[in-house]
Amino acid sequence: MCQYLEERFSALQQHHELTFYVDAGGNLIVDIPKHQCEHDSILVLSGHLDVVPPCLNIQPVVEQVDGDTIISSDNTTVLGADDKAGLTPIFEAVS
């Protein structure tokens, strides 16, 4: 996932002045210069790429309930959706 995000941010560098790097802990850090922001405050968007061991070999169960799609675990793993769902709006905000 980190490699994928690095590739996406590389593509954004063509249109935005930003820098990014992976630190010694494996964290992807993206810096967007303040002059590209519409406000005077520093804005920090934070998410995580790691998942806990029960996320290995995820077997999601997809059900239709009253016209809604419900995605849940098969109870042998966890979905790990907290970090995956958190990264999506961060990427959308900077792209």
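This short report walks through a nonpolar core and a few loop residues of a predicted model.

**The core**

Let's begin inside. The largest nonpolar core has nine residues: Cys2, Leu5, Phe9, Leu12, Leu18, Phe20, Leu28, Leu87 and Phe91. Two elements, helix H1 (2–12) and H2, each give two or more residues to this core. The most comes from H1, with four residues. As background, nonpolar side chains in soluble globular proteins tend to be buried together.

Phe20, one of the core residues, has a varied set of neighbours. Leaving aside residues up to four places away in sequence, Phe20 touches Glu6, Phe9, Ser10, Gln13, Leu28, Ile29 and Val30.

**A buried serine in a loop**

Next, look at the loop between strand E4 (68–72) and helix H2 (81–94), where Ser73 lies. Ser73 counts as buried because its relative accessibility is 17%, and the cut-off for buried is under 20%. With residues up to four places away in sequence not counted, Ser73 touches Gln59, Val61, Val78 and Leu79. A polar atom of the Ser73 side chain also lies 2.9 Å from the backbone nitrogen of Asn75.

**Two residues with positive phi**

Most residues other than glycine have a negative phi. Asp66 and Asn75 are set out below with their positive phi values.

| Residue | Loop | Phi | Relative accessibility |
|---|---|---|---|
| Asp66 | between strand E3 (61–65) and E4 | near 50 degrees | 77%, exposed |
| Asn75 | between E4 and H2 | about 75 degrees | 73%, exposed |

In that E4 to H2 loop, then, Ser73 is buried, whereas Asn75 is exposed.

Methods. Residues numbered from 1 in each chain as written. Predicted model: local features only at pLDDT ≥ 70, side-chain atom pairs only at ≥ 80, totals over all residues. Heavy atoms only, no water. Buried < 20%, exposed > 50% of the residue type's maximum accessible area, 1.4 Å probe, protein only. Polar contact = N/O pair within 3.5 Å; in protein donor to acceptor, adjacent residues only side chain to side chain. Contact = heavy atoms within 4.5 Å. Core = buried A, V, L, I, M, F, W, Y, C linked by side-chain atoms within 4.5 Å.
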